[in-house]
Amino acid sequence: MKRYSAFAIAREAVRYHTGWERAWASPKPKKKYDVIIVGAGGHGLATAYYLGKNFGITNVAVLEKGWLGGGNTGRNTTIIRSNYLQDASAAIYEKARSLYETMSQDLNYNVMFSPRGVIMLAQTEHEVRGYQRTAHANALQGVKTEFIGPERVRELVPIININGPRYPVLGGLWQERGGTARHDAVAWGYARACSAMGMDIIQKCEVTGVRSEGGKVIGVDTTQGAIDCDKLGMVVAGHSGVLAEMAGFRLPIESLSLQALVSEPIKPCMDVVVMANTVHGYMSQSDKGEMVIGGGTDGYNNYTQRGSFHHIEETVRALVETFPMISRLKMLRQWGGIVDMTGDRSPILSKTPVDGIFVNCGWGTGGFKAIPGSGWAMAELMAKGHSPLTEEFGLNRFSEGRFIDESVAAGVAH
């Protein structure tokens, strides 16, 4: 009788329950697909999933130059909220937040969604007025938020220093149904569902060129050979500009590194997400006990995925005043992700000058929270040619001056 080690048994259990072997073992590309999605991150996989679920389009390939979920999807700080000022932004982010609530059931895969609540601290009189305005806008949009005073903030976050010498806490914008989810689980949940529908997720397959005839896309060249398609979706975050140039057009985005870190694990001390734009930082506590800390983007364009000591120092120094207890913690690890920033700090979900090519980019520092809403809207745009959720986010808004200014909501924190 053959004996199996504990590791082999566990490995087979993971394969059986998660579809790991199907999703990880990349298939050989077909000669032609109805749709090719470039980018196997959360947004790309969600687009593929909703193409299949909502529109029955399953002859789809998702191409990834690295590994599944290895870009920004696996490098973010997992914050989910929808308390945006502009109507178009609130609509797509609230769609995403509502889809997160049922995602584990929809995918039959636990994405560990935790609606623990999100507070955006007001530490200046200007922020008080701004967040009160946002709360009123959210009420009109059907997004449940409220502006709370400093004592309510202290109740929700006992470790906070309300009376900081430079930046006292004057209140906050509170979204009770915001929270976090496990980023890797989101990517793998969508990947498993796509694989079950017969889609191909092809890793280590970098796109090296985009082919078109008569102004219409016909396929892509990759490190695994040429692949033909009828429609092409570009969903590659920080490298969107590089891919667009291969197709013969330019995008109004710039790429920067966004850094984050986690502390050593400690006992539970904070069960909400706190964002502090004035001191340029935000913090939550993971299920493992680590304090997840992040701030703003680098001040210069780059494609690095590494952290830098000076930026971490600036972020931690700012947060220590608001959360004095973190001054005694050790840093466990740090990292960076490549974010794609537009001038108005709002995303681009749009057709392009090349017929059959669609682009999903410009999510900047807040892409994770939008994954299901972005995928839902992008799938509808690619399948039907239009979507109510994407109408305001077209490329033509930059030439027409129809900016969706979310720089206060998305330009600093998340």
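User: Is the crossing of helix 3 and helix 7 left-handed or right-handed?

Analyst: This is a predicted model, where local features need pLDDT of at least 70, side-chain atom pairs count only at pLDDT 80 or more, and totals for chains, interfaces and linings use all residues. Residues are numbered from 1 along each chain as its sequence is written, and side-chain values use heavy atoms, leaving out hydrogens and water. Handedness depends on how the near helix is turned from the far one by less than a right angle: anticlockwise is left-handed, clockwise right-handed. Here the crossing of helix 3 and helix 7 comes out left-handed.

User: At roughly what angle do helix 3 and helix 7 cross?

Analyst: Look at helix 7, residues 183-196, for this one. Its axis and that of helix 3 (lines fitted to C-alpha atoms over the stretch in contact, with angles from 0 to 180 degrees between N-to-C directions) come within 9 Å. They cross at roughly 35°.

User: Which residues of helix 7 meet helix 3?

Analyst: On the helix 3 side, the contact (heavy atoms within 4.5 Å) uses G42, L45, A46, A48, Y49 and Y50. Their partners in helix 7 are A187, Y190, A191, A193 and C194.

User: How far apart are the axes of helix 3 and helix 10?

Analyst: Helix 3 covers residues 42-55 and helix 10 covers residues 371-384. They pack at an angle of about 55°, and helix 3 passes helix 10 in a right-handed crossing. Their axes are apart by 7 Å.

User: How many helices and strands does the protein have?

Analyst: Helices (H or I, at least four residues) and strands (E, at least two) are DSSP runs, numbered from the N terminus. For the protein, that gives twelve helices and 18 strands.
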